[in-house]
Amino acid sequence: NDGVYMVSLVAACGLLLQPTARRPSPLRRFLSPVLEAPAPLASLLDLADEYDAFLLDQFGVIHDGKTAYEGAVDAVCELQRRGKKIVIISNSSRRKSDTLARLRSMGFGPCEGDGASDVPPISVVTSGDLVWEGLSAAAAAPFADLGLRCTVFGNGEDDEEYVRTCGRVAVPVAEADFVLARGLFTILGTGPDLLRQPFSPYSADAEEEALRAALAARPGGLPLVVANPDTVRPDGKDSPMPGLLAARYEAMGATDIRPVGKPHPLIYEACRAQLAIAGIDAAGARVAAVGDSLHHDVLGASQNGVDSVFICGGVHYRELEVPQAAAVPPAADKLAALLATFASEHGGCTPTHALAGFRL
């Protein structure tokens, strides 16, 4: 059967299953406004050979940050065995070397830099790496007009090295040219002078004080560079995320907010560059982005011209009432309701495919 059953929302008629032919076109600038929910496919193999390359989210899709999900290593290896190029596309605020080390430790590979291989190596693009490179070069938007001094909302681990090696210096917000949001665990740039910039622990009160000072520094506020636009942790825990800080700053009246990462264009441009290095012309190739966030992975794919594969057991697991990372198919009505609500709020955007989990 060349079709795949799609769940359509039909007024007053309930849920109907009807076969819909899969389209060969790899690029879709915006998805149809028809509210359709793809039924969870049994296996990644059902769609593997429809595409030449996969832009693959990491947290919540193939691992939890420490341990690979069941079947994920085998799934990635099988795609590589079939000659598919895999580019990890991640809203991690860290350099890509951190992701590569993490992937290797979990058994994924071969990865870029591992030497000659019979299969396409895994490449990595992270929002944190793009921000670091952009600040280092200071040659193009959204980085070219930023100054050297910044206040950093950080992860509390590598912020000082990150800022120093990209040629910037952490300062109190009253002296800053811009604000950099990498995490919400510490604030770097609270010391009395350039020689003393200790970490301060993050708190909601400290954040509000810093953002209000940044807002007062100039009309529209200091620029805020967001190295991780996520608003929800992949594990669903109630932890502060940089994307939420950006929303709060905007709500205060800030007008110069510069997010880098999904669903915004720069990270997709970087992925296309990685495909080109692998000899794949993204304009003519069949490319799918795989992820568990409707707001970042699915919307980003739609707005940047690629198909999408929605993983049900990720950040939306509570809404779908399925175990996290367990590859349990959600009830059809739950999936249809979630996607219908999302589509109604985002111009009809729906994923091209849905999988219960990323496994064979």
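This report walks through the fold in outline, its helix packing and a few notable backbone spots.

## Overall picture

What you have here is a predicted model. The protein contains 10 helices and 16 strands. Its 360 residues include 53% that count as buried. The contacts also say something about how the chain is put together: among those between residues at least 6 apart in sequence, 71% join residues at least 24 apart.

## Helix α7 and its surroundings

A good place to begin is helix α7, which covers residues 265-277. With 13 residues at 1.5 Å a residue, α7 should span 18 Å, and its end C-alpha atoms lie 19 Å apart, which agrees. Its buried residues are Ile-267, Tyr-268, Ala-270, Cys-271, Gln-274 and Leu-275. Looking down the axis of α7, these buried residues fall within an arc of 155 degrees, so they line one face of the helix. The general geometry helps here: an α-helix has 3.6 residues a turn, so residues three or four places apart point the same way.

What covers that buried set? The cover includes strands β4 (53-56), β5 (85-90), β6 (123-126) and β14 (287-291), along with helices α3 (127-137) and α8 (294-303).

Both sides of α7 in sequence have something to show. In the loop between β13 (257-259) and α7 sits Pro-263, and the peptide bond that joins Lys-262 to Pro-263 is cis, with omega about 10 degrees. After α7 comes Gly-279, whose phi is positive, near 85 degrees.

## Two helix pairs

Two packed helices are described by the angle between their axes and the distance between the axes. Here are two pairs set out in that way.

| Helix pair | Axis distance | Axis angle |
|---|---|---|
| α8 (294-303) and α10 (332-345) | within 12 Å | roughly 65 degrees |
| α5 (204-216) and α6 (242-252) | 10 Å | about 50 degrees |

Let us take α8 and α10 to start with. At roughly 65 degrees, α8 and α10 are roughly perpendicular to each other, because angles of 65 to 115 degrees count as such. The crossing of α8 past α10 is right-handed. On the α8 side, Leu-294, His-295 and Leu-299 make the contacts, and they meet Leu-338, Leu-339 and Phe-342 of α10.

The pair α5 and α6 crosses at about 50 degrees, and these two helices are therefore oblique to each other. α5 also passes α6 in a right-handed crossing. The residues that α5 brings to this contact are Glu-207, Glu-208, Leu-211, Arg-212, Ala-214 and Leu-215. Facing them in α6 are Leu-245, Arg-248, Tyr-249 and Met-252.

## From α2 towards β6

Helix α2 (96-106) and strand β6 are linked by a loop that holds Pro-110. Which residue precedes Pro-110 across a cis peptide bond? The residue is Gly-109, and omega of this cis bond is near 0 degrees.

Arg-104, in helix α2, is a handy residue to click on while you are in this region. Leaving out residues up to four places away in sequence, Arg-104 touches Cys-111, Glu-112, Gly-113 and Asp-114. Arg-104 and Asp-114 are 10 residues apart along the chain, and their C-alpha atoms are separated by 9.8 Å. Is Arg-104 buried, exposed or partly exposed? With a relative accessible area of 36%, Arg-104 is partly exposed, as this value falls between the 20% and 50% cut-offs.

## Loops after α8 and α9

Gly-305 belongs to the loop between α8 and β15 (307-311). Its relative accessibility is 1%, so Gly-305 counts as buried. Val-287 is 18 residues away from Gly-305 in sequence, with 8.9 Å between their C-alpha atoms.

Further along, the loop between α9 (317-320) and α10 includes Glu-321, and Ala-325 is found in the loop between α9 and α10 too. Glu-321 is not a glycine, yet its phi is positive, about 55 degrees. Ala-325, which is not a glycine either, has a positive phi of about 60 degrees. As for accessibility, Glu-321 counts as exposed at 58%, while Ala-325 is partly exposed, with a relative accessible area of 24%.

Note on methods: Residues are numbered from 1 along each chain as its sequence is written. This is a predicted model: local features need pLDDT of at least 70, side-chain atom pairs count only at pLDDT 80 or more; totals for chains, interfaces and linings use all residues. Side-chain values use heavy atoms; hydrogens and water are left out. Helices (H or I, at least four residues) and strands (E, at least two) are DSSP runs, numbered from the N terminus. The expected span of a helix is 1.5 Å times one less than its number of residues. Buried means under 20% relative accessible area, exposed over 50%, partly exposed in between (1.4 Å probe, protein chains only). The arc is that of the directions from the helix axis to the C-beta atoms. Contact means heavy atoms within 4.5 Å. Axes are lines fitted to C-alpha atoms, for helices over the stretch in contact, and angles run from 0 to 180 degrees between N-to-C directions. Angles under 35 degrees count as roughly parallel, over 145 as roughly antiparallel, 65 to 115 as roughly perpendicular and the rest as oblique. A crossing is left-handed if the near helix is turned anticlockwise from the far one by less than a right angle, and right-handed if clockwise.
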